[in-house]
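The following paragraphs lead the reader through one molecular model, feature by feature. Please keep the sequence and the structure in view while reading.

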Amino acid sequence: MSKPIVRLVTCGSVDDGKSTLIGRLLVETDSIPHDSVASARLVRRSGSTIKAGEIDFSLLTDGLEAEREQGITIDVAYRSMFLLNGRRLIIADAPGHEQYTRNMVVAASRADVALVLLDASRGIRTQTLRHLMICSLMGIGRIAIVINKLDAVGYAEEIYEKIKRDLTKSINRLEIKDFQFIPVSALVGDNIVLRSEAMPWYTGPTLLEYIQYWEKSPAGRSRARLGIQMISRAENFRGVAGTVINGEFTVGDEVITLPTRRRATIARIVTFDGDLERAEESRAVTLVLEPDVDATRGDVIELAEDFTEPADRFNATVVWLGEPELIHSRSYLLISGSTQVPAMVTKIRHKVNINTGKHEVTQTLKMNEIGVVEIATDALIALDTYKSCRESGNFILVDRSTMNTVGAGMIEHVLRRSSNITKQEYEINQQSRALQKNQRARVLWLTGLPGSGKSTIANALEKQLFAMGLHSYVLDGDNVRLGLNKDLGFIKEDRAENVRRVSEVARLMSDAGLIVIVALVSPFAADRDQARSLFDQGEFLEVWINTSADVCTIRDPKGLYKKAAAGSIPNLTGVGQEYEPPANAELVLDGTAPIEENVKRLIEIIL
C-alpha cells in the first residue's frame, strides 16, 4: 500500500523569506534538478545580498517572470520532494502579499501541514495573524510557526521567546492543538534540515523532522461520497462519474442520490482499466446504478444507510476575497465540488478582528476580512459541516456578473429553519390565473436615475392597460419605502435588500397572473440580475429609462438633487452613488420623449 502524500502550505507576510526557505529545503534534500540550482547561482537579483556564484534560493520557487522582477510571490508555486520516511511532500509556496490572500486560501484548503513564517527582526504582523487564522479555519492539522532570520538578530533567544509568548495568545484563542515554534535562518540554513550550532538553546525538532512525522488524524465520521461530475453514456450504458471521498463504495451497496433522495443499488463500478468490486477513497470511477435513477452533474451519491440531509439554509465562516465588498441580500453562485446553485447571504452575523479575535458588528465584509454569515440557497444541496469533512463542507462564492471568485467559505452548521419549511403546491397556477384575465403575466422593471421619468411613465402605462381591460399593478420605489421597506436606507446593502423584497413581491403578483410594473432606481446591475433570476424566460422585461443626469437635475421633481447639492443626501444615485446602466435591457426609452410614445413602445413588448 502506498504511503499517503503530505501537503504543505507555506505562508506569512511579504519578505519574511518563504521562497528562500523552501528553496533551501529543496536543495538540501536534493529534490530539485541540478541545472535549476546552477541557474539560481548565475542570476543575481538587483539589490539582493546574494553574491555572484551563491545560490539565490528564492528563484527556485518564484516561477513567474513578474515574481522575479518584483521580488515577491504572486501565484502559488507547487514543488514536490520525498521525505526521509519515503512519503511524498507537495509544497505550496503561497504569496504573502495581502492582495493575493485568495491564492493563499486556495493552497491552504487542501493542506495537511502549514508553515507560518515570520521575520524575527520585524516581529508579528497583521498578515501573519491573518494567515494563522485562515490555517486554523481551513482545518490544517499541524502548524509550524517558523521564526526566520534569527541570524539578522544575532541568534538572540530573548527575541525568539518574546515572539513565541505573544503569538501563543493567538494560537490558544484559535484552539490550535498541534503546533511547534521553530527558530531558523533560511539564508544560512539553520534548523531547516540540519540542526543549528548557532542556537544551542533550541532543543526542538528541525523543520524537516516536524513535517515528515505528521500523521493523519482519524476522521470523526466517515460518509462515503461521490460528487457527480458527468453522466457517462454509450450504447446500452449509462453511469455517473466522479471521485470517491471520505470512504468507499462496493458493488451491491444501496445508495441514495442527493438532493432528490432517489435510491438505487450499485450494479457495476467501472474504470478505464476494467470493473472493480470496491472503489476506495480518491478513486475516480463510474457507478452504474440499478435502477437507472435520474441524476445529473452536481448531484451527490452517498450510502443510503447514512446520508447527508439536503438543506438550503447554512451558517458559515467566509473569507472575503473580492475587491467589491460583500453585500447581504445580493445573489451569488455557490459552488462546492461539482454542485452549483444560486445563493444569497441573508445575514452577516459578525466579522472577526484579526488582531484580537473579537467579534465585531458589521453590515458588510471587505476584501480579506473574515466573518460568520447566514446563507440561503435557491435549491436544496447536500453540504456537510467543514469539521466533519473538508471536501464536502467547503464552498466558494462567485460574482454572477463577472464570474470572479469573491469568497471562500466553510459550513459551520445547517440552520434548523431549513427543515421546517416545505413548499406547498396548489392546483391553480400562474397560467390559469393569467388565462382567466385573458392576458400573459409580465414584469416590467423600469430602472433609471431619480427624475428620469419612471413613475410618470409607469402611471401612464397602467392607465392605458386599465383602459384596455388588462389587470396590472405598479410597485413604485417611494411607495414601498413608505411601508414594506420603511426600515431600509440607501447604502449598498440596503439597496440590495430593497430590490430583493420588491422582486419577491413582484414574483407573487406575477404568480397571480398580473402585469407588474416596477418603477425603481435599482442602481446596481447585480441586484437587477438577481431580480431577473426569479422569473422564467421572457417573463421579466428590463426597461432602461435613459435620461441624462443634467436633465434629471433640471427636473428635480422631488427636490432630491437640490438636497444632494446642499450635502443633506450623500447617497443620491448619480451624484453620491454610482448608477450602472443595463447592458442588455429588453427596451431602452428616451426619458425626454413624449409619454404617449414611450407608453406605446411598452404596450408593444407586453402584448
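In this predicted model, the lining of the largest cavity comprises two nonpolar, three polar and four charged residues. The lining residues are Arg330, Ser331, Tyr332, Asp399, Arg400, Ser401, Ala526, Asp529 and Gln530. Two elements, β19 (331-336) and α13, each give two or more residues to this lining. The largest share, three residues, comes from α13. The volume of the largest cavity is about 60 Å³, and the count of cavities of 30 Å³ or more comes to one.

Strand β19 leads from the cavity into a set of paired strands. It runs antiparallel to strand β24 (residues 394-399), and four bridges join the two. Within this pairing, isoleucine 335 has isoleucine 396 of β24 as its bridge partner. Strand β24 also pairs with strand β25 (residues 405-414), again in the antiparallel sense, over five bridges. Here isoleucine 396 has alanine 408 in β25 as its bridge partner. Isoleucine 396 thus appears in both pairings, with isoleucine 335 as a partner and with alanine 408 as a partner. Strands β24 and β25 form a hairpin with five residues between them. In the turn of that hairpin, methionine 403 has a positive phi of about 60 degrees.

A second hairpin can be followed in strand β11 (residues 254-258), which is mostly covered, with four of its five residues buried. Strand β12 (residues 262-271) runs antiparallel to β11 and is joined to it by four bridges. Threonine 257 stands opposite arginine 262 of β12. The hairpin formed by β11 and β12 has three residues between the strands, and arginine 261 in the turn shows a positive phi of about 65 degrees. Strand β11 has a further partner in strand β16 (residues 300-303), with which it pairs in the antiparallel sense over four bridges. In that pairing, isoleucine 256 is matched with glutamate 302 of β16.

Attention now turns to the second largest pocket, which holds about 1,600 Å³ of space. Its lining consists of 47 residues, and those nearest its centre are Asp312, Arg313, Asp378, Lys423 and Arg507. By class, the lining contains 16 nonpolar, 13 polar and 18 charged residues. Which elements each supply at least two residues of this lining? They are the strands β17 (311-320), β20 (339-352) and β23 (370-381), together with the helices α9 (430-436), α12 (492-511) and α13 (525-533). The largest share, seven residues, comes from α12. Helix α13 was met earlier as a contributor to the largest cavity, and it supplies residues to the lining of this pocket as well.

Individual residues give a more local view. Asparagine 315 has its place in strand β17. Is this residue buried or exposed? Asparagine 315 counts as buried because its relative accessibility is 6%, which is under the 20% cut-off. Leaving aside residues up to four places away in sequence, asparagine 315 touches Arg349, Val372, Val373, Glu374, Met410, Ile411, Glu412, His413 and Leu415.

Glutamine 436, found in helix α9, offers a contrasting case. It is exposed because its relative accessible area is 68%, which is over the 50% cut-off. Glutamine 436 and glycine 513 are 77 residues apart in sequence, and their C-alpha atoms are 8.4 Å apart in space.

Isoleucine 124 lies in the loop between β4 (113-119) and α5 (126-137). With a relative accessibility of 29%, isoleucine 124 counts as partly exposed. Its C-alpha atom is separated by 7.1 Å from that of isoleucine 163, a residue 39 positions away along the chain. Not counting residues up to four places away in sequence, isoleucine 124 touches Leu129, Ile163, Asp166 and Leu167.

Finally, the confidence of the prediction should be considered. The mean pLDDT of the protein is 87, and 90% of its residues reach 70 or more. Over residues 64-74, however, pLDDT stays under 50, and the model has 28 contacts beyond four places in sequence for that stretch. Where pLDDT is low, the predicted coordinates should not be read in detail.

Conventions: Residues numbered from 1 in each chain as written. Predicted model: local features only at pLDDT ≥ 70, side-chain atom pairs only at ≥ 80, totals over all residues. Heavy atoms only, no water. 1 Å grid on protein atoms, 1.4 Å probe; cavity = no way out; pocket = protein on both sides within 12 Å on 5 of 7 lines; lining within 4 Å. Points joined across faces, edges and corners; volume = space filled by probe spheres on them. Nonpolar A, V, L, I, M, F, W, Y, C, P; charged D, E, K, R; others polar. pLDDT = per-residue confidence, 0-100. Contact = heavy atoms within 4.5 Å. Buried < 20%, exposed > 50% of the residue type's maximum accessible area, 1.4 Å probe, protein only. Pairing = 2+ DSSP bridges.
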